[in-house]
Amino acid sequence: MASSSPSSSSAVKRLSNLSNHLCPTNSNPLVKVSAQVSQALSTGLPVVALESTIISHGMPYPQNLETAKEVEAIVRDNGAVPATIAILDGVPCIGLNLEQLERLARKGKSAQKTARRDIAYVVATKRNGATTVSATMFFAAMVGIPLFVTGGIGGVHRHGEHTMDISSDLTELGRTPVAVVSAGVKSILDIPRTLEYLETQGVCVAAYKTNEFPAFFTETSGCKVPCRLDIPEECARLIDANRKLNLGNGVLIAVPIAKEYSASGSLIESAIQQALTEAREKNITGNAETPFLLARVNEITGGASLASNIALVKNNAAIGAKISVALAQLLK
């Protein structure tokens with residue numbers, strides 16, 4: 001993993017010494033931003049938003065907590081400030097301290113999986129919500145965080161032409177100016193139709209150091225991308241141009257999983273087909289489907305898919321932080 005620039009890294013370390021208590025943002029009294037994130041945003045330091053559904057629904061405790069802490073550490077080591085986003089007791093929190101991370105990790109699936117449509121309900125009923133890609137993008141844009149790192153975004157589900165099961169992640173990318181760094185679309189989904197839908201939404205889809213859109217667990221999907229970016233500075237210039245043009249939509253930067261963690265395409269596809277059959281037999285649909293499918297694929301592959309998932313999230317965090325640093329330098 002490449003190290004960050006000395007000045008950026010030392011600035012982040014100074015921020016890490018601040019108390020991480022929560023304080024209201026200037027723009028919305030319902031939302032609270034940690035002191036560290038607030039100061040970083042006010043001084044132009046790079047900030048990377050992180051979702052919380054991967055903590056609550058992605059893996060069991062304590063592995064989820066350790067992974068969350070490691071991902072935040074990777075963001076810091078590469079010169080940016082991590083801002084994990086969640087709703088705690090009805091309060092949207094931008095930047096969690098260790099106590100809050102552990103609380104969310106222990107709650108696991110009892111925390112509500114929260115997409116954009118669920119935000120008002122979770123806040124109004126003072127519940128705990130783990131934010132998905134769409135909700136994390138919404139809150140990141142609200143407080144001025146331009147970049148968000150995740151594992152993989154949602155998309156058009158297989159047989160979506162009949163069920164109309166399309167993730168709100170895609171429409172959020174079409175209307176929220178936040179750049180998303182991910183390992184592409186989860187391979188349990190219909191990747192070609194997902195890319196078609198993103199095109200309809202006007203979302204610029206770029207691949208990092210490749211001409212082919214990655215398929216989450218594997219490096220390739222067979223689908224070409226309209227643009228390729230090879231260094232963080234190129235990614236930063238794309239994000240900057242998108243925002244300055246006021247296009248009003250996000251940018252998707254797809255980063256292939258590292259070769260050493262890339263799972264066998266045939267092994268994963270076989271496991272996915274088995275999991276999809278079981279989901280249909282058990283009538284598992286909606287926002288419960290993706291967590292079920294990922295868990296079953298992990299079981300069927302003997303844990304190989306979860307190990308790959310964790311590896312790709314960490315890789316995305318490193319690259320996303322470098323892009324955030326390049327963007328902050330560009331804006332200065």
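**Burial, packing and cores**

User: E199 and T200 are exposed, on the other side of α10 from its buried residues. What makes a residue exposed or buried?

Analyst: Exposed means over 50% relative accessible area, buried under 20%, and partly exposed in between (1.4 Å probe, protein chains only). This is a predicted model: local features need pLDDT of at least 70, side-chain atom pairs count only at pLDDT 80 or more, and totals for chains, interfaces and linings use all residues. Side-chain values use heavy atoms, without hydrogens or water, and residues are numbered from 1 along each chain as its sequence is written.

User: Which residues of α10 are buried, and why are they said to share a side?

Analyst: I191, T194, L195 and L198 are buried in α10, residues 191-200. They cover an arc of only 100 degrees around the axis, so they sit on the same side of α10. The arc is taken from the directions from the helix axis to the C-beta atoms. Helices (H or I, at least four residues) and strands (E, at least two) are DSSP runs, numbered from the N terminus.

User: Why is T290 called buried?

Analyst: T290 has 15% relative accessibility, so T290 counts as buried. T290 lies in helix α13. Beyond its neighbours within four places in sequence, T290 contacts K113, H157, K186 and I188. Contact means heavy atoms within 4.5 Å.

User: What makes a set of residues a nonpolar core?

Analyst: Its members are buried Ala, Val, Leu, Ile, Met, Phe, Trp, Tyr and Cys residues, joined through side-chain atoms within 4.5 Å. The largest has 87 residues; I94, I145, F213 and I253 touch the most other members. Helix α14 gives the most to this core, with 9 residues.
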